[in-house]
Amino acid sequence: MVMLVKYWFLGLSLLCLASLAQSAPFVIEQEQQPAALTANLRLVQDPDQKLSFTDILSLDQNQLLQPLHGRSPNFGFTGAAYWAAVTLHNPLPVQRELILRQDYPLIDRLDFWYLDASDQWQQVATGDRRPFASRMLDLRDFVFPVTLPANANRTFYFRFASEGALNIGLSVSDPTVFLSQLALEQFLMGIYYGGFLVLVIYNLFLFIAVRDRAYVYYMGYAISYGLYFGVHNGISFQYVWPGSPWLANQSLVILLGMTLIFGIQFARTFCSSRVLAPRTDRLARGLLYIIVPLTVISPFVSYGPTTLSLALLTLVVAVLLLAVGVISLLKGSLSARYFLVGWASLLICVIVYMLKTFGLIPHNTITHNAFQFGALLEMVLLSLALGARVNEIQKRGYVDPLTGLYNRGYFDQRLPRELGNVTITGAPLSLLVLDIDHFKSINDDYGHARGDAALQAVGRLILRLVRKPVVACRYGGEEFALLMPRTDCQAAQVVAERLVREVAQTDFDGLALTVSVGLASSEFSADISAPEFFELADRALYKAKRKGRNRYVVADTSIANAGVILSGGNV
């Protein structure tokens, strides 16, 4: 008798534990907002994909389908099928029309069972390996309209099988709420893909203007990425090739491969990795030798392993190109800052998406869309980086590589503009033209390397002594020009005097240098052309040389004014 009671109590306890292990039905609200059903799912794994619907009904009746217990219903790349059951409870005395939604559209085969009005089980066989017409509603996600009787429970069954990543993202909502949400999603997607299109068109015009090859790779990268997300979101299958499940799957792999190829080529070109980071560049080329053939053969090999390989390569490429950006920045490329921030943003979002794909973090709106958000943010930042690159290239074309000052091309462009501003605003403009005294003898006696060092030292001294808006240029040879907007003759003389004194008093690594300076001011030369204005300053320079060098002379048709630096530094 004692043993009988003991076994009876044990059996009752096990029954209670089994009941507690089961997920509770989801209770439908008066106006059901979109709600995830993750906590209410009951699942069973089908490793060999041999279980039938009848088997699942039997397992569920025997309470052998297991709840998730807080785990995420995303299972990464798996060869198993997963069966899911969810029970909805309608507490109201009226029949309810509801929408069940699976928000991850890249499921190869998705089967759905529900009870019809005569309590007969009906099956819907859909998925992106089946024609788009197999769906209950013509939408990019899998959407199932269902009816829930008054004051009743209804259980719905799903079978998920996919060669790619398997993510279960089921939710329930009222039809009216669902339509409102759908309209908002369509609007946001229009903005998202419109953003890609605007970036491509904008950079196309820039490419036509500057003919920089980096723009070609950027546009290829942006177009491939945009089309990839069109497939990833199910939009391409809905609108472009609804009758071709093969294209719906293989295009995803092909476009991801093309995205990686264009991305690598863009980074190599933009960051000049062949010159600035040759070892990293060789690694990037090695990845191309893997990705290009993999992309070419992807339509003819198994989808699952190819997708997994490219997913892992995406992470490797993102890390490697981040390293390329860091090296480029450390080597002095200012435009690499935008590149680095953009690629770092993408890398973070890729990691989040990969963790979700492999089931390490939950599948939700944030993790599911992290990759897409990161891609668009990266595209915007890379577009800014290209703009900065154009400015950098343009500036590099106007900068003297030896001294770091602007070159004669920039001076010749800037002088007429500043003289035009004098006519418009009436603000004064001064020009200093200075020449290193006896520079030829430095080259003859010490060699051209020492002469170059002297030019660099004088250039650095000029940059140290002048401030904006002064424009310092190396005019040619040992001659320099300082364009001084909004500076009158008296203020310009102070600068000229200081330059002559500082050069004479500075030890240039054992060399004693002096300069002669000619000064012209618009105060005494109204309505003068750019060549004539420069000629005035240049004549004053040679007058200073004739007077003994190491001094400045002001070009003035009405006043003869000269300042001389003596050995003691007095004028």
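Let's start with His69, which sits in the loop between β4 (66-67) and β5 (74-77). Please keep in mind that we are looking at a predicted model. Is His69 buried or exposed? With 61% relative accessibility, His69 counts as exposed, because the cut-off for that label is over 50%. To get a feel for distances here, pick out Asn550 as well: Asn550 and His69 are 481 residues apart along the chain, and 87 Å separates their C-alpha atoms.

Now come with me to a pair of helices. Helix α8 covers residues 278-297 and helix α9 covers residues 303-330; their axes come within 11 Å and cross at roughly 160 degrees. That angle makes α8 roughly antiparallel to α9, since anything over 145 degrees earns that description. The crossing of α8 past α9 is left-handed.

Which residues of α8 meet α9? On the α8 side they include Leu283, Leu287, Ile291 and Leu294, and the α9 residues they meet include Leu310, Leu313, Val317 and Leu320. Sorted by class, this contact between α8 and α9 has 13 nonpolar residues, 3 polar ones and no charged ones.

My last stop is a hairpin. Strand β15, residues 471-476, is mostly covered, with 5 of its 6 residues buried. β15 pairs with strand β16, residues 479-485, in the antiparallel sense, over 5 bridges. If you'd like one bridge to find on screen, look for Cys473, whose partner in β16 is Ala481. Between the two strands of this hairpin there are 2 residues, and Gly477 takes a positive phi near 60 degrees.

Thanks for listening, everyone!

Key:
Residues numbered from 1 in each chain as written. Predicted model: local features only at pLDDT ≥ 70, side-chain atom pairs only at ≥ 80, totals over all residues. Heavy atoms only, no water. Axes fitted to C-alpha atoms, helices over the stretch in contact; angles between N-to-C directions. Helix = DSSP H or I, 4+ residues; strand = E, 2+ residues; numbered from the N terminus. Parallel < 35°, antiparallel > 145°, perpendicular 65-115°, else oblique. Left-handed = near helix turned anticlockwise from the far one by under 90°. Contact = heavy atoms within 4.5 Å. Nonpolar A, V, L, I, M, F, W, Y, C, P; charged D, E, K, R; others polar. Buried < 20%, exposed > 50% of the residue type's maximum accessible area, 1.4 Å probe, protein only. Pairing = 2+ DSSP bridges.
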